[in-house]
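Please work through the following exercises with the sequence and the model side by side. Each task is followed by a solution that goes step by step.

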Amino acid sequence: MKLISYLLSPIFILVFFLLLVIFQPIQWLSMNLFGHQAHKTVIDILNWFLVKSLLILGVRVVFENKYTLPKNTTLIFTANHQSLFDIPPLILFFRKHYPKFVAKIELGKGIPSISYNLRHGGAALIDRKDPRQALSTLAEFSKRIHKNKWSAVIFPEGTRSKTGKPKKFSTNGIKMIAKYNKEAYIVPVTINNSWKVYKYGKFPLGIGSPIMITTHEPIKIDSLPFDELMAKVETTIISHIK
């Protein structure tokens with residue numbers, strides 16, 4: 001199996017990187033000529049290709065949602081975090097809800113397509129070494145998604161789990177978003193197996209393990225005291241990690 005990984009990994013990496021490079025100028029043109037909605041459409045198409053490119057590794061993405069997600073309001077998609085490959089499926093499957101990410105500021109530079117989207121697509125780029133910047137950026141982000149009825153995607157673990165074992169959740173980011181979006185819903189999301197793409201390290205990449213994304217029942221923010229709400233969200237997400 002690992003021998004096959006050595007054969008397939010260079011092909012996948014080349015295709016993935018070429019997609020990012022090709023879509024960089026397309027993003028720029030769509031944003032500057034036609035505006036945010038056109039740019040979003042380009043991002044949706046890019047992430048469809050990125051998700052499908054995982055098939056080169058024999059990795060399917062399986063999305064399960066048994067619930068009707070509220071419309072015309074902000075949703076806070078709250079998920080465990082296992083790898084880079086968590087992100088394209090979340091953008092693709094939740095595209096109707098205009099998902100905007102809370103990400104570390106380092107991702108805003110140097111990565112074709114991804115950095116441009118984070119800088120210009122409405123994300124919050126947080127400097128973890130500067131609490132003041134982080135708080136002010138989150139406040140601006142929270143007001144922006146409220147005004148536009150967009151949604152947020154946040155990984156409360158802060159960093160990726162390299163083994164799939166969840167880390168302790170931090171609730172500060174969600175608390176700030178909730179402060180400015182009192183009518184919003186939190187949507188817990190559990191991600192399984194995406195860490196296995198990196199089970200050998202950065203090269204070769206793991207093959208054949210499907211990435212499973214499960215959406216849980218939306219919870220209105222004001223339905224519980226915040227600490228109880230977050231305990232319920234964390235328990236829901238972690239209890240479905242396999």
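The exercises below deal with aromatic pairs, salt bridges, surface patches and backbone geometry.

This is a predicted model, in which local features need pLDDT of at least 70 and side-chain atom pairs count only at pLDDT 80 or more, while totals for chains, interfaces and linings use all residues. Residues are numbered from 1 along each chain as its sequence is written, and side-chain values use heavy atoms, with hydrogens and water left out.

**Exercise 1. Aromatic pairs**

Describe how Phe63 and Phe94 are paired, and state how Phe77 and Phe94 are paired.

Solution. Begin with the rule: rings of Phe, Tyr and Trp (its six-membered ring) pair if their centres lie within 6.5 Å, and planes under 30 degrees apart count as stacked, over 60 as edge-to-face and the rest as tilted. By this rule the count comes to eleven aromatic pairs. One of them is the edge-to-face pair of Phe63 and Phe94, with 5.4 Å centre to centre and 75° between the planes. Phe63 lies in strand E1 (residues 61-65) and Phe94 in the loop between helix H3 (87-93) and strand E3 (99-104), so this pair ties together parts that are 31 residues apart in sequence. Helices (H or I, at least four residues) and strands (E, at least two) are DSSP runs, numbered from the N terminus.

Next, take the burial of the two rings, where buried means under 20% relative accessible area, exposed over 50%, and partly exposed in between (1.4 Å probe, protein chains only). Phe63 is partly exposed at 27%, whereas Phe94 is buried at 1%. The pair of Phe77 and Phe94 is stacked, with 4.0 Å centre to centre and 15° between the planes. Phe77 lies in strand E2 (residues 75-79) and Phe94 in the loop between H3 and E3, so the pair ties together parts that are 17 residues apart in sequence.

**Exercise 2. Salt bridges**

Find the salt bridge formed by Glu234 and Lys168, and say which elements hold its two residues.

Solution. A salt bridge is a side-chain nitrogen of Lys or Arg within 4 Å of a carboxyl oxygen of Asp or Glu. A search of the whole structure finds four salt bridges, one of which joins Glu234 and Lys168 at 4.0 Å, N to O. Glu234 lies in helix H7 (residues 226-239) and Lys168 in the loop between strand E5 (151-154) and helix H6 (172-179), so the pair ties together parts that are 66 residues apart in sequence. Glu234 is buried, with a relative accessible area of 15%, while Lys168 counts as exposed at 66%.

**Exercise 3. A nonpolar patch**

Which residues form a nonpolar patch on the surface?

Solution. Patches are made of residues with over 30% relative accessible area and no salt bridge, in which like charges are joined within 9 Å and nonpolar side chains (Val, Leu, Ile, Met, Phe, Trp, Tyr) within 5 Å. The patch consists of Leu14, Leu18, Ile22 and Ile26, which together have about 340 Å² of accessible area, a value that comes from the Shrake-Rupley method with a 1.4 Å probe. Leu18 lies in helix H1 (residues 2-34) and is partly exposed at 40%.

**Exercise 4. Backbone geometry**

Where is the cis peptide bond, and what is the phi of Ser113?

Solution. Most residues other than glycine have a negative phi, and most peptide bonds are trans. The bond from Phe203 to Pro204 is cis, with omega near -5°, and Pro204 is found in the loop between strand E6 (185-192) and strand E7 (211-215). Phi of Ser113 is near 65°, a positive value in a residue other than glycine. Ser113 belongs to the loop between E3 and helix H4 (114-120), where it is buried at 1% relative accessible area.
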